[in-house]
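Good morning, everyone, and thank you for making time. I would like to walk you slowly through one structure, so please have the sequence and the picture ready before I begin.

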Amino acid sequence: IPAVPAVDFAKFGDIELVKMSKIQKVTVASMVRSWLNVPHVTQFDEADISDLESFRKEMKAEAENRGVKLTPLPFLLKACAAALRHEPSFNTSLHADGEHMVQKHYVHIGVAVATPAGLLVPVIQNVDKKGLWELAAESAELAKKARDGKLLPRDMQGACFTVSSLGAIGGSGFTPIVNTPEVGILGVSKAEIKPVWNGSEFVPRQMLPLSLSYDHRAVNGADAGRFFTFLVSLLGDIRRLIL
Ligand code: CAO
């Protein structure tokens, strides 16, 4: 690809050179690798998380007693794990031999964490086998380790899928980049109360904007549609997570 020409920005005004961290340099390489190798498609949807949010609020006191913070993230992890089981084409990687797909029978999910040193993606293992409290505690612990620069290489390996949540920051949607060799990533934006037509009137519902990017070599649009519809239905009725 044509190189971006070097520019002497000092010609245009005051500048300073800021050294990139090791993590930033790794991010540069992995983003370019994903961007150039993966034919991306991104689909958008909104989940009605009104009931999920009422339940989460009801659990606030219990969460405090347990010493954990229950954010929407553990629910998202749990729902993604169920969707990966429901639509296994998202739990694959393309084999380097060009002849095979690797179908994974475990469900490990990465969580993108912004840290002062750059973007890190610690991995929660066997999400499908863990409860909400365990996922809340583990994601908070891994996010803290990430921010404190204490993650070990093994904490960042083996993800099947990634969740990138900008929900606490803001925005109504974005197109996340697949963290190859994974084949899917869920982008989570900020939940807002919106008027939703229930068949006879508009009712205020808390809607969570989601974007699902996938590697179109490994996942076709119909599979992605099924994965996403299932995920959105689980978040809309979390009782279904126990089915
Ligand atoms: N919509 C609205 N509010 C949301 C939300 C959403 N989608 N997701 C979280 N929130 C709320 C939480 O409920 C919490 O509010 P309360 O205290 O009132 O419950 C508040 O935002 C802060 O949440 P949090 O950030 O502490 O926790 P989290 O579990 O949502 O996120 C983590 C954890 C690790 C994802 C987050 O700390 C982080 O690092 N975010 C940045 C992600 C990032 O940089 N992604 C990279 C994108 S790719 O370049």
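Let me start with a term: we say that two strands pair if DSSP finds at least two bridges between them. Please keep in mind that what you see is a predicted model.

With that term in hand, look at strand β11, residues 202-215, where L208 is the bridge partner of A47. The strand on the other side of that pairing is β1, residues 40-48, which runs antiparallel to β11 and is joined to it by nine bridges. Strand β9, residues 184-188, also pairs with β11 in the antiparallel sense, over five bridges, and here G184 has Y214 as its partner. Then there is β10, residues 192-197, antiparallel to β11 with six bridges, among them the one between W197 and F202. β10 and β11 form a hairpin with four residues between them, and G199 in that turn has a positive phi of about 110°.

Why is β11 largely enclosed by the rest of the structure? Because 10 of its 14 residues are buried.

Now let us turn to the ligand, which is surrounded by 22 residues, the closest being T71, R147, S164, S189 and A191. These shell residues divide into 12 nonpolar, five polar and five charged. In the side chain of T71, an N or O atom is 2.6 Å from an oxygen atom of the ligand. The backbone contributes as well, since a polar backbone atom of A191 lies 2.9 Å from a ligand nitrogen. Of the 960 Å² that the ligand exposes when taken alone, the protein buries 70%.

Terms used
Residues are numbered from 1 along each chain as its sequence is written. This is a predicted model: local features need pLDDT of at least 70, side-chain atom pairs count only at pLDDT 80 or more; totals for chains, interfaces and linings use all residues. Side-chain values use heavy atoms; hydrogens and water are left out. A residue is near a molecule or strand if one of its heavy atoms lies within 4 Å of it. A polar contact is a pair of N or O atoms within 3.5 Å; within protein, one must be able to donate a hydrogen and the other to accept it, and residues adjacent in sequence count only if both atoms are side-chain atoms. Accessible areas come from the Shrake-Rupley method with a 1.4 Å probe; for residues, only the protein chains shown count as cover. Ala, Val, Leu, Ile, Met, Phe, Trp, Tyr, Cys and Pro count as nonpolar, Asp, Glu, Lys and Arg as charged, and the others, Gly among them, as polar. Buried means under 20% relative accessible area, exposed over 50%, partly exposed in between (1.4 Å probe, protein chains only). Helices (H or I, at least four residues) and strands (E, at least two) are DSSP runs, numbered from the N terminus.
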